[in-house]
Amino acid sequence: MWLGAGDYLPVQAPIFRNESREGLVAFVNGARDFALNTTQEEALKAFNDKNGTFVEGDLYIFAYDFAGNTLALPTQPELIGTNRIDDKDANGVEFIRDMIALAQSEGGFTYYLYPNPARNMTQGLKLSYVTKVDDTWWLGSGIYA
């Protein structure tokens with residue numbers, strides 16, 4: 001048995017098209033394949049390059065280790081090297097912990113509020129897909145509503 005609770009949103013929930021979700025998964029899986037075929041150092045350098053292959057507007061790869069340490073976050077480079085395991089969004093969602101759990105169990109999708117670089121870092125609803133690279137780190141990306 002399990003229990004759950006929820007809260008109604010003040011506006012209609014956004015709908016992410018299947019094509020957008022599939023494109024997100026392909027983007028993340030392409031980054032994972034790149035990471036698996038190079039060194040972690042080279043992969044993280046590429047993921048943190050704002051002008052590189054893994055940053056497309058507000059779509060970018062982020063990476064963390066399983067302890068919650070930030071490895072790649074091209075839109076907020078000041079957070080690289082910090083531990084964010086206890087970070088929460090404005091609704092109290094422990095999004096890093098949620099993504100770690102997803103990555104450890106074959107990957108998946110999660111929603112949370114996060115600063116949108118295409119909107120001057122104002123909070124926006126973000127749908128992210130994450131996956132494990134190996135037993136030490138994981139990566140993901142997200143699309144905004």
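This note sets out points on the sheet, the helices, the cores and the salt bridges of a predicted model.

1. Sheet order. Five strands make up an open sheet, arranged as β4-β3-β7-β6-β5, with antiparallel pairing. The edges are formed by β4 (70–72) and β5 (108–116), each of which pairs on one side only. From one strand to the next, the twist averages 35 degrees.

2. Pairing of β3. Strand β3 (residues 62–65) pairs with β4 in the antiparallel sense over two bridges, and with β7, also antiparallel, over four bridges. Tyr64 serves as a reference point for both pairings: Thr70 is the bridge partner of Tyr64 in β4, while Trp138 in β7 stands opposite Tyr64.

3. Pairing of β6 and β7. These two strands are joined in the antiparallel sense over seven bridges. They form a hairpin, with four residues between them. Lys132 stands opposite Trp138 in β7. Trp138 therefore has Tyr64 opposite on the β3 side and Lys132 opposite on the β6 side.

4. Burial of β7. Which residues of β7 are buried on each side of the strand? Trp137, Leu139, Ser141 and Ile143 point one way, Trp138, Gly140, Gly142 and Tyr144 point the other way, and all are buried. The strand is thus mostly covered, eight of its eight residues being buried.

5. Helices against the sheet. Helix α1 (residues 18–36) lies across β5, β6 (122–132) and β7 (137–144), and runs at about 155 degrees to β7. Helix α3 (residues 95–104) lies across β3, β5, β6 and β7, at about 150 degrees to β5.

6. Largest nonpolar core. This core contains 21 residues, and those with the most contacts inside it are Ala35, Leu44, Phe47, Ile61, Ala63, Trp137 and Leu139. Two or more residues each are contributed by α1, α2 (40–47), β4, β6 and β7. The largest share, five residues, comes from α1. As general background, nonpolar side chains in soluble globular proteins tend to be buried together.

7. Surroundings of Phe47. With neighbours within four places in sequence set aside, Phe47 is in contact with Ala31, Phe34, Ala35, Phe54, Val55, Ile61, Ala72, Pro74, Trp137 and Leu139. A second core, separate from the largest one, has 17 residues, including Ile85, Ile96, Trp138 and Tyr144. Trp137 and Leu139, two of the residues with the most contacts in the largest core, point one way from β7, whereas Trp138 and Tyr144, which the second core includes, point the other way.

8. Buried face of α3. The buried residues of this helix are Phe95, Ile96, Met99, Ile100 and Ala103. Why do they lie on the same side of α3? They cover an arc of only 140 degrees around the axis, and this places them on the same side of the helix. The elements covering these buried residues include β3, β5, β6 and β7. Ile96 also appears in the second core. After α3 comes Glu106, whose phi is positive, near 75 degrees.

9. Salt bridge at α3. The structure holds four salt bridges, and one of them links Asp86 with Arg97, whose closest N and O atoms are 2.5 Å apart. Asp86 is in the loop between β4 and α3 and Arg97 is in helix α3, so the pair ties together parts that are 11 residues apart in sequence. Asp86 counts as exposed because its relative accessibility is 53%, whereas Arg97 is partly exposed at 37% relative accessible area.

10. Further salt bridges. Lys132 forms a salt bridge with Asp135, with a closest N to O distance of 3.3 Å. Lys132 counts as partly exposed, at 33% relative accessibility, and Asp135 is exposed, with a relative accessible area of 67%. Another salt bridge joins the side chains of Arg32 and Asp33 (3.4 Å, N to O). Asp33 is partly exposed, with a relative accessible area of 37%. In general, side chains of opposite charge can pair when their charged atoms come close.

Notes. Residues numbered from 1 in each chain as written. Predicted model: local features only at pLDDT ≥ 70, side-chain atom pairs only at ≥ 80, totals over all residues. Heavy atoms only, no water. Axes fitted to C-alpha atoms, helices over the stretch in contact; angles between N-to-C directions. Contact = heavy atoms within 4.5 Å. Buried < 20%, exposed > 50% of the residue type's maximum accessible area, 1.4 Å probe, protein only. Core = buried A, V, L, I, M, F, W, Y, C linked by side-chain atoms within 4.5 Å. Arc of directions from axis to C-beta.
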